[in-house]
Amino acid sequence: MLLQVKNLVKYFPIENSDNVVRAVDGVSFDILEGETLGLVGESGCGKSTVGKCILRLIEPTSGEVWFEDKNVFALDKKELRNLRRQMQIIFQDPYSSLNPRLNVYSIISEPLKIHGIGTEKERKEMVADLLKKVGLDPEYMWRYPHEFSGGQRQRIGIARALALRPKLIICDEPVSALDVSVQAQVINLLQDLQEEFGLTYLFISHGLAVVQHISNRVAVMYLGKVVEIASAAKLYGNPIHPYTKALLSAIPIPDPKIERKRIILQGDVPTPINPPSGCRFRTRCPIATKECAEVTPELKEIEEKHFVACIHTDIARNL
């Protein structure tokens, strides 16, 4: 087990108020070494907050994250700095994530300098090699971010994440800001790099088709909680939670002759400041009962390695 997330909670206080935004509210999952776990859900459900809490880019409210045998939240600054060689992130926006005042060499070599890796000459060789790995000309290292397209910028961001040879990379919607044709190239690149370097990914996205293509397992989030976890084949072939079924029914099919039964959810996503009692999805769920407002469903294994947070799984199967 490379990463274990246990009951992760992150609340954001609201200025001049006693209320909090319950961005992440008791999320648990694990990631095996070498696999890709996809984390999906609507915008605002807490996906990116989970990724940033794992890396301690933002401090959690409570919970635990174990990386190998280390409790990430219990580490001091020096220990955390050493651990960050093993855990990196690819950001969503390839424009704002690169410093416009630095050339590509400075951007990619910065982690190497911070951790005291190599001489200046060796770092130039490392950067040149990294640029080749991500499909860019090594001569590009002396150019600046504004000289590149969005896809090229994201490749530079991937090279920066690879610089320290990490074991785990958090991919925070790495292709959502790119053109569709470029998305496929970047996804294929990530898969090739995973195979070459033995990487482990937490792949955060709201692009369901992309997640299906790249992930071994998929976790579905709704309003700060995980509602279903299963292998990609099981989740896309036989979803059980009503929210997962509704999400998957919205994936466009590139064949006009194929008809699909759409599940149209009623109403808007409730506010994370004052979420519904019991099951958070009950206000939009087609099979909700009075009991759903009183019981908070736990994530339970209802089939082998298929976990669902719903008290009416028998009804949900036939939805």
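Helices here are DSSP runs of H or I with at least four residues, strands are DSSP runs of E with at least two, and the elements are numbered from the N terminus. This numbering places Thr296 in the loop between helix H9 (242–249) and strand S11 (300–303). The model is predicted.

**Figure 1. Overview of the protein, with its 10 helices and 12 strands.**
The chain has 319 residues and a radius of gyration of 21 Å, which agrees with the value near 20 Å for a compact globule of that length. Along the principal axes, the C-alpha atoms fill a box of roughly 70 × 55 × 40 Å. Buried residues make up 49% of the 319. Among contacts with a separation of 6 or more, 63% link residues 24 or more positions apart. The accessible surface is about 15700 Å², and carbon and sulfur atoms account for 48% of that surface. The protein carries 40 positive and 39 negative charges, and their mean positions lie 2 Å apart.

**Figure 2. The open four-stranded sheet, ordered S2-S1-S4-S5.**
Pairing in this sheet is antiparallel. Strand S2 (20–31) and strand S5 (70–71) are the edges, each pairing on one side only. Strands of a sheet pair through backbone hydrogen bonds, either parallel or antiparallel. Strand S1 (residues 3–13) joins strand S4 (residues 62–67) through five bridges. In this antiparallel pair, Gln4 stands opposite Trp66 of S4.

**Figure 3. The S1–S2 hairpin, with six residues between its strands.**
Nine bridges hold S1 and S2 together in antiparallel fashion. Tyr11 stands opposite Arg22 of S2. Asn16 sits in the turn and has a positive phi of about 60°.

**Figure 4. Helix H1 (residues 47–54), largely enclosed by the rest of the structure.**
Six of the eight residues of H1 are buried, so the helix is largely enclosed. The buried set consists of Lys47, Thr49, Val50, Gly51, Cys53 and Ile54. Just after the helix comes Arg56, with a positive phi of about 60°.

**Figure 5. Ser97 in the loop between strand S6 (87–90) and helix H3 (104–114).**
Is Ser97 buried or exposed? The relative accessible area of Ser97 is 16%. Buried means under 20%, so Ser97 counts as buried. With neighbours within four places in sequence left aside, the contacts of Ser97 are Phe91 and Arg160.

**Figure 6. Arg155 in helix H5 (residues 150–162).**
Arg155 has a relative accessible area of 15%. That value is under the 20% cut-off, so Arg155 is buried. Which residues touch Arg155, leaving aside its neighbours within four places in sequence? Val134, Gly135, Leu136, Gln185 and Leu189 are in contact with Arg155. Leu190 lies 35 residues from Arg155 along the chain, and the two C-alpha atoms are 9.6 Å apart.

**Figure 7. Helix H9, mostly covered by other parts of the structure.**
How many residues of H9 are buried? Eight of its eight residues are buried. They are Pro242, Tyr243, Thr244, Lys245, Ala246, Leu247, Leu248 and Ser249. Three helices and two strands feature in the cover, which includes helix H7 (208–214), helix H8 (232–237), helix H10 (313–317), strand S9 (217–222) and strand S10 (225–231).

**Figure 8. Thr296 in the loop between H9 and S11.**
The relative accessible area of Thr296 is 47%. Partly exposed covers the range between under 20% and over 50%, so Thr296 falls in that class. Gly278 is 18 residues from Thr296 along the chain. The C-alpha atoms of Thr296 and Gly278 are separated by 4.1 Å.

**Figure 9. The S11–S12 hairpin, with two residues between its strands.**
S11 pairs with strand S12 (residues 306–308) in the antiparallel sense, over three bridges. Glu303 stands opposite His306 of S12. In the turn, Lys305 has a positive phi of about 60°.

Technical notes
Residues numbered from 1 in each chain as written. Predicted model: local features only at pLDDT ≥ 70, side-chain atom pairs only at ≥ 80, totals over all residues. Heavy atoms only, no water. Rg over C-alpha atoms; globule rule 2.2 N^0.38 Å. Buried < 20%, exposed > 50% of the residue type's maximum accessible area, 1.4 Å probe, protein only. Contact = heavy atoms within 4.5 Å. Areas by Shrake-Rupley, 256 points an atom, 1.4 Å probe, with all protein chains shown as cover. Lys, Arg positive; Asp, Glu negative; His and termini not counted. Charge placed at Lys NZ, Arg CZ, Asp CG, Glu CD. Pairing = 2+ DSSP bridges.
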